[in-house]
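Welcome! Open your viewer, get comfortable with rotating and selecting, and follow along one stop at a time.

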Amino acid sequence: QVQLVESGGGLVQAGGSLRLSCVAAGRTVSRYAMGWFRQAPGKEREFVATVTWNGANTYYADSVKGRFTISIDNGKNTVYLQMDSLTPEDTAVYYCAAGRYSINSGSYSYWGQGTQVTVSS
């Protein structure tokens with residue numbers, strides 16, 4: 001079992017930045033890739049970014065490429081999502097997930113509870 005706890009969400013003005021954190025706990029956590037997904041009201045959950053546990057490989061959705069950065073601190077069992085140049089379209093609940101390195105939500109077996117990000121115009 002892997003337990004994931006996100007933090008760092010909040011309200012920010014357009015053009016601002018936020019950094020989300022996700023702490024992972026569990027004996028086998030290092031076996032998994034870590035991903036960030038988001039879900040806006042009335043929309044399906046969508047992929048944002050993913051990183052392998054060793055940090056060697058990352059992949060981003062086109063909508064966030066160049067603005068968001070995913071990183072991992074193995075010593076702290078924590079994955080981060082640095083979000084810059086935020087727009088109102090980034091408003092969503094952001095979820096951390098652990099699973100296979102993939103853009104598909106079905107490849108992730110464990111999910112956090114989500115953290116709300118709201119970007120005002």
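The stops below go from the nonpolar core to the salt bridges. Keep in mind throughout that this is a predicted model.

**Stop 1: the core**

Start by selecting Leu-4, Met-34, Trp-36, Val-79, Leu-81, Met-83 and Tyr-94. The largest nonpolar core has 37 residues, and these are the members that touch the most others in it.

Next, colour the strands that feed this core. At least two core residues come from each of β3 (18-25), β4 (33-39), β5 (46-51), β7 (68-73), β8 (78-83), β9 (92-99), β10 (108-111) and β11 (115-120). Which strand gives the largest share? Select β9, which supplies five residues.

**Stop 2: around Met-83**

Now centre the view on Met-83 and show what surrounds it. Setting aside neighbours within four places in sequence, you will find Met-83 in contact with Gly-16, Ser-17, Leu-18, Leu-20, Arg-67, Phe-68, Tyr-94 and Val-117. Tyr-94 is already in your selection from the core, and Arg-67 will come back at a later stop.

**Stop 3: Arg-38 and Asp-90**

Time to turn to charged side chains. How many salt bridges does the structure hold? There are four.

Select Arg-38 and Asp-90: their side chains form a salt bridge, at 2.9 Å from N to O. Arg-38 sits in strand β4 while Asp-90 is in the loop between β8 and β9, so this pair ties together parts 52 residues apart in sequence. Are these two buried or exposed? Arg-38 counts as buried, because its relative accessibility is 6% and the cut-off for buried is under 20%. Asp-90 also counts as buried, at 1%.

**Stop 4: Arg-67 joins in**

Keep Asp-90 selected and add Arg-67. Their side chains meet in another salt bridge, 2.8 Å from N to O. This pair, too, links distant parts of the chain: Arg-67 is in the loop between β6 (58-60) and β7, and Asp-90, in the loop between β8 and β9, is 23 residues away. Arg-67 is buried, with a relative accessible area of 18%.

Add Glu-46 to the selection to see the whole group. Arg-38, Glu-46, Arg-67 and Asp-90 belong to one network, joined by salt bridges that share partners.

**Stop 5: Lys-65 and Asp-62**

For the last stop, select Lys-65 and Asp-62, whose side chains meet in a salt bridge at 3.1 Å, N to O. Show the surface here: Lys-65 is partly exposed, with a relative accessible area of 47%, whereas Asp-62 is exposed, at 64%.

How values were computed:
Residues numbered from 1 in each chain as written. Predicted model: local features only at pLDDT ≥ 70, side-chain atom pairs only at ≥ 80, totals over all residues. Heavy atoms only, no water. Core = buried A, V, L, I, M, F, W, Y, C linked by side-chain atoms within 4.5 Å. Buried < 20%, exposed > 50% of the residue type's maximum accessible area, 1.4 Å probe, protein only. Helix = DSSP H or I, 4+ residues; strand = E, 2+ residues; numbered from the N terminus. Contact = heavy atoms within 4.5 Å.
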